[in-house]
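Me: I should like to learn how to read the features of a model of this kind. May we proceed from the whole chain to single residues?

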Amino acid sequence: LRKVKRTGWVRSGVAGAESVSDHMYRMAMMGFAMGSSEGVDGGKCIKMALVHDLAESIVGDLVVDGDKKDNITREDKLKLERKAIDDITAGL
């Protein structure tokens with residue numbers, strides 16, 4: 001995920017597009033920074049941020065919204081991601 005640039009940003013021509021792992025880390029830091037002062041469960045936010053794009057390590061960063069989307073439905077993307085998570089967690 002460190003080498004996988006976020007597809008939507010790349011297709012939109014964003015210079016220096018962040019990687020998927022950069023995105024996951026930044027989201028985790030936002031959860032950490034918000035914490036309980038905002039009425040948010042910071043620990044849960046951090047955990048969610050660190051795993052929310054894990055399936056992309058297998059299926060890639062598929063885009064289903066906007067002008068430059070992949071040729072896949074939201075439902076098919078969800079099926080692929082669920083299978084990927086099942087495969088990743090099968091050995092745990």
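**Reading the model**

Reply: Let us begin with a contact. In this predicted model, Gly42 touches Gly31 and Gly35, leaving aside residues up to four places away in sequence. The C-alpha atoms of Gly42 and Gly31 are separated by 5.1 Å, although the two residues lie eleven apart along the chain.

Me: In which helix is Gly42 found, and is Gly42 buried or exposed?

Reply: Gly42 belongs to helix α3, which covers residues 42-51. A residue is called buried when its relative accessible area is under 20%. Gly42 has 13% relative accessibility and therefore counts as buried.

Me: What is the secondary structure of the chain as a whole?

Reply: The chain has five helices and zero strands, so that its pattern along the sequence reads α-α-α-α-α. Its C-alpha trace spans about 40 × 35 × 25 Å along the principal axes. Of the 92 residues, 26% are buried. Among contacts between residues at least 6 apart in sequence, 46% join residues at least 24 apart.

Me: How should one read the length of a helix, for instance that of α5?

Reply: One compares the end-to-end distance with the span expected at 1.5 Å a residue. Helix α5, residues 74-89, has 16 residues and reaches 22 Å from its first C-alpha to its last, close to the expected 22 Å.

Me: Which residues of α5 are buried, and against what do they pack?

Reply: Lys77, Glu81 and Ala84 are the buried residues in α5. They cover an arc of only 60 degrees around the axis, which means that they are on the same side of α5. The buried residues of α5 pack against α4 (56-59).

Me: Which exposed residues does the face of α5 turned away from its buried side carry?

Reply: That face carries Glu75, Lys79, Arg82 and Lys83, which are exposed.

Me: How does one read the surface, and which residues form a nonpolar patch there?

Reply: One may start from the total and then look for groups of residues. The accessible surface of the chain comes to about 6,500 Å², and 57% of this belongs to carbon and sulfur atoms. Tyr25, Met29 and Phe32 form a nonpolar patch, with about 360 Å² of accessible area together.

Me: Why does Phe32 count as exposed?

Reply: The cut-off for an exposed residue is over 50% relative accessible area. Phe32 counts as exposed because its relative accessibility is 59%. This residue is found in helix α2, residues 20-34.

Key. Residues numbered from 1 in each chain as written. Predicted model: local features only at pLDDT ≥ 70, side-chain atom pairs only at ≥ 80, totals over all residues. Heavy atoms only, no water. Helix = DSSP H or I, 4+ residues; strand = E, 2+ residues; numbered from the N terminus. Buried < 20%, exposed > 50% of the residue type's maximum accessible area, 1.4 Å probe, protein only. Contact = heavy atoms within 4.5 Å. Expected span 1.5 Å × (residues − 1). Arc of directions from axis to C-beta. Patch = residues over 30% accessible without salt bridge, like charges linked within 9 Å, V, L, I, M, F, W, Y side chains within 5 Å. Areas by Shrake-Rupley, 256 points an atom, 1.4 Å probe, with all protein chains shown as cover. Salt bridge = Lys/Arg side-chain N within 4 Å of Asp/Glu carboxyl O.
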